[in-house]
Amino acid sequence: RHRVILLAVDISSSCFFGSDTHLKSFSMAQIASILTLVGQYGKDKVGLIVFSDSVHEYIPPSNGPHQSHRIMQALLSITPSTRTTSLKKLFSYVAQLKKRDALLFVLSDFIDTGFEKNVAVVSRLYDCIAVWFRDPFEIAFPSVGFLTCEDPETGEHVFVDTRKRNIKKINNALQAQYEKTRTIFSNNKIDCISIEKQQADILT
């Protein structure tokens, strides 16, 4: 049985971050390319949605080697065009497509809020899989003293105290946000695959 596969790939500025030389965006392009080739092998129709604070590019689902080449060419030429993420706008867009019997992969770091209602609608229309890319520093930030950090999505500079007495609060906040988003997926019966640096390194 051939299906429609939609790949939604996040190109917001936070995805072009890496605590070492390995950027989340590079891993996203790799995973999306693999899914494209798997879809081609299974003679499924594969489409691509490139998004950040809006949908920047949409390649309608189709099959065959030419379609796979077109998608992978788009993936490997991606650059950050805007700073912020809007999962709300992505899910609104996907809901309007109304593709029958479609499988939706969302490849993102899911650094966003306020998309609960929209993802609930999409989860009723599609089989959804969240592919979550997380940098090690987004899981457990190290204690390295005082830092000036820049939010890649807002450009805001913040002076952060990561000394021992404060680092636990920072990491608890990271974990709380992670668990909140996981709960949203769980409540909507969305499967979640977490891609962390250790798994991403296998691809390189």
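**Strand β5 and its salt bridges**

In this predicted model, Val-131 stands opposite Ile-193 in strand β8, and Val-131 is also the residue of β5 that serves as the bridge partner of Leu-107. Strand β5, which spans residues 127–134, is mostly covered, since 7 of its 8 residues are buried. The points below follow β5 through its strand pairings and then turn to the salt bridges, of which the structure holds 4.

**Strand pairing around β5**

- Strand β4, made of residues 102–108, runs parallel to β5, and the two are joined by 6 bridges.
- Strand β8, made of residues 191–196, likewise runs parallel to β5, and 6 bridges join this pair.
- Together with helix α4 (residues 116–125), strands β4 and β5 make a β-α-β unit that is right-handed.

**The salt bridges of Arg-3**

- Arg-3 forms a salt bridge with Asp-101, in which the closest N and O atoms are 3.4 Å apart; this pair links distant parts of the chain, with Arg-3 in the segment before β1 (4–10) and Asp-101 in the loop between α3 (87–97) and β4, 98 residues apart.
- The side chain of Arg-3 also meets that of Asp-127 in a salt bridge, with 2.8 Å from N to O; here the residues are 124 apart in the chain, Asp-127 belonging to strand β5 and Arg-3 to the segment before β1.
- Arg-3, Asp-101 and Asp-127 are thus members of one network of salt bridges.
- Because its relative accessibility is 19%, and buried means under 20%, Arg-3 counts as buried.
- Asp-101 counts as partly exposed, at 36% relative accessibility, and Asp-127 is partly exposed as well, with a relative accessible area of 42%.

**The salt bridge between β5 and β8**

- The side chains of Arg-134 and Glu-196 meet in a salt bridge, with a distance of 3.5 Å from N to O; since Arg-134 lies in strand β5 and Glu-196 in strand β8, the pair ties together parts that are 62 residues apart in sequence.
- Arg-134 counts as buried at 9% relative accessibility, whereas Glu-196, with a relative accessible area of 22%, is partly exposed.
- Strands β5 and β8 are therefore linked by this side-chain pair as well as by the 6 bridges that join them.

How values were computed: Residues are numbered from 1 along each chain as its sequence is written. This is a predicted model: local features need pLDDT of at least 70, side-chain atom pairs count only at pLDDT 80 or more; totals for chains, interfaces and linings use all residues. Side-chain values use heavy atoms; hydrogens and water are left out. Buried means under 20% relative accessible area, exposed over 50%, partly exposed in between (1.4 Å probe, protein chains only). Helices (H or I, at least four residues) and strands (E, at least two) are DSSP runs, numbered from the N terminus. Two strands pair if DSSP finds at least two bridges between them. A crossover is right-handed if, with the strands pointing away from the viewer, the path from the first strand over the helix to the second runs clockwise.
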